[in-house]
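Student: Could we go through this model together, one question at a time? I would like to see how each answer is reached.

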Amino acid sequence: MDTSTGLKSAPHRREAFRFSGWDARAAWRVAEAVESCDLKIAGPRGVAEARALAAEALGPSVAPVEALIAIQRRSGTAVLVYEEEGVITGALGVLPLSPLGLDALLNGRLDLSRPVGAFFAGGRTRGQALYAMGIVSVTPQAARAVVTGVVRLREAFSDIGFYARAVTAAGRRVLIERLGCRDLPGTPLMWSPPDTTALEIAA
Ligand SMILES: CC(C)(COP(=O)(O)OP(=O)(O)OC[C@H]1O[C@@H](n2cnc3c(N)ncnc32)[C@H](O)[C@@H]1OP(=O)(O)O)[C@@H](O)C(=O)NCCC(=O)NCCS
């Protein structure tokens, strides 16, 4: 037994999340999209490590670990990580928002420090938008992985809108140059709209 957690000590037991419904399909789609970039969906320990990395680069406003774990459990994905020799050197936070969550984001009511479950896709609630809440790396390999990863995710979920908030100049450049995002007037957000061709194919 791992006495700190009370769980059996096999790493997969400590790390695994269980998903079903929309979250299971989303987790599968996300994992498949980012596999070639060597990114993976973080387990609870990985979420904590990734959050620490992001807070160091971006400041204390990064959402708390418990909130990120709760969103990851509900939505199938929230935090993706890149590891080098067992150490997380890159992380990407991308949240699937429900219709209510998108409305909250657009009206400045999405508070990630106290997440409301209904704001996130999961169970029977489909994702209406992807919200990229953070991207961070501390090595060139990790930068390549997280930047390529977010581009692959955008492609995999091209049928829904993509939203982000640029906190730094580097982040803004990635959003414009790599993801084709633009400012969303009247908000502090940047976005790229759904690909309507993809919607027609899906219909
Ligand atoms: C944000 C951050 C990850 C961007 O990293 P970056 O190295 O400036 O990003 P780049 O756009 O140059 O892309 C990184 C690599 O991915 C590659 N890449 C980018 N888009 C790609 C794509 N569509 N397909 C394949 N590869 C791609 C680039 O060629 C580059 O590879 P290279 O290093 O071999 O040339 C990094 O600056 C960082 O961690 N900053 C600190 C935290 C921060 O400011 N985060 C943003 C908050 S909004």
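Student: How many bridges join β1 to strand β2?

Tutor: This is a predicted model, in which local features need pLDDT of at least 70, side-chain atom pairs count only at pLDDT 80 or more, and totals for chains, interfaces and linings use all residues. Residues are numbered from 1 along each chain as its sequence is written. Strands (E, at least two residues) and helices (H or I, at least four) are DSSP runs numbered from the N terminus, and two strands pair if DSSP finds at least two bridges between them. Strand β2 covers residues 79-84 and runs antiparallel to β1, and the number of bridges joining them is two.

Student: Which residue in β2 is the bridge partner of Ile41?

Tutor: Strand β1 covers 40-41 and is an edge strand, pairing on one side only. Within β2, the bridge partner of Ile41 is Leu80.

Student: Which residue in the hairpin of β2 and β3 takes a positive phi?

Tutor: Six bridges join β2 to β3, and these strands run antiparallel, with Tyr82 standing opposite Gly90 in β3. The hairpin has two residues between the strands, and the residue with a positive phi, near 50°, is Glu85.

Student: In what order do the seven strands form the open sheet?

Tutor: Strands of a sheet pair through backbone hydrogen bonds, either parallel or antiparallel. Here the pairing is mixed, and the edge strands are β1 and β6 (182-183). The order is β1-β2-β3-β4-β5-β7-β6.

Student: Is α3 parallel, perpendicular or oblique to α4?

Tutor: The axes, which are lines fitted to C-alpha atoms over the stretch in contact, with angles running from 0 to 180 degrees between N-to-C directions, come within 9 Å for α3 (residues 44-58) and α4 (residues 65-75) and cross at roughly 135°. Angles under 35 degrees count as roughly parallel, over 145 as roughly antiparallel, 65 to 115 as roughly perpendicular and the rest as oblique. The crossing angle therefore makes the relation of α3 to α4 oblique.

Student: Which element gives the most residues to the shell around the ligand?

Tutor: A residue is near the ligand if its C-beta atom, placed from the backbone, lies within 6 Å of it, and 20 residues surround the ligand, with Ser137, Ala143, Thr168, Ala170 and Gly171 the closest. The elements that give two or more residues to this shell are α3, β4 (129-137), α6 (140-156) and α7 (169-178). With seven residues, the element that gives the most is α6.
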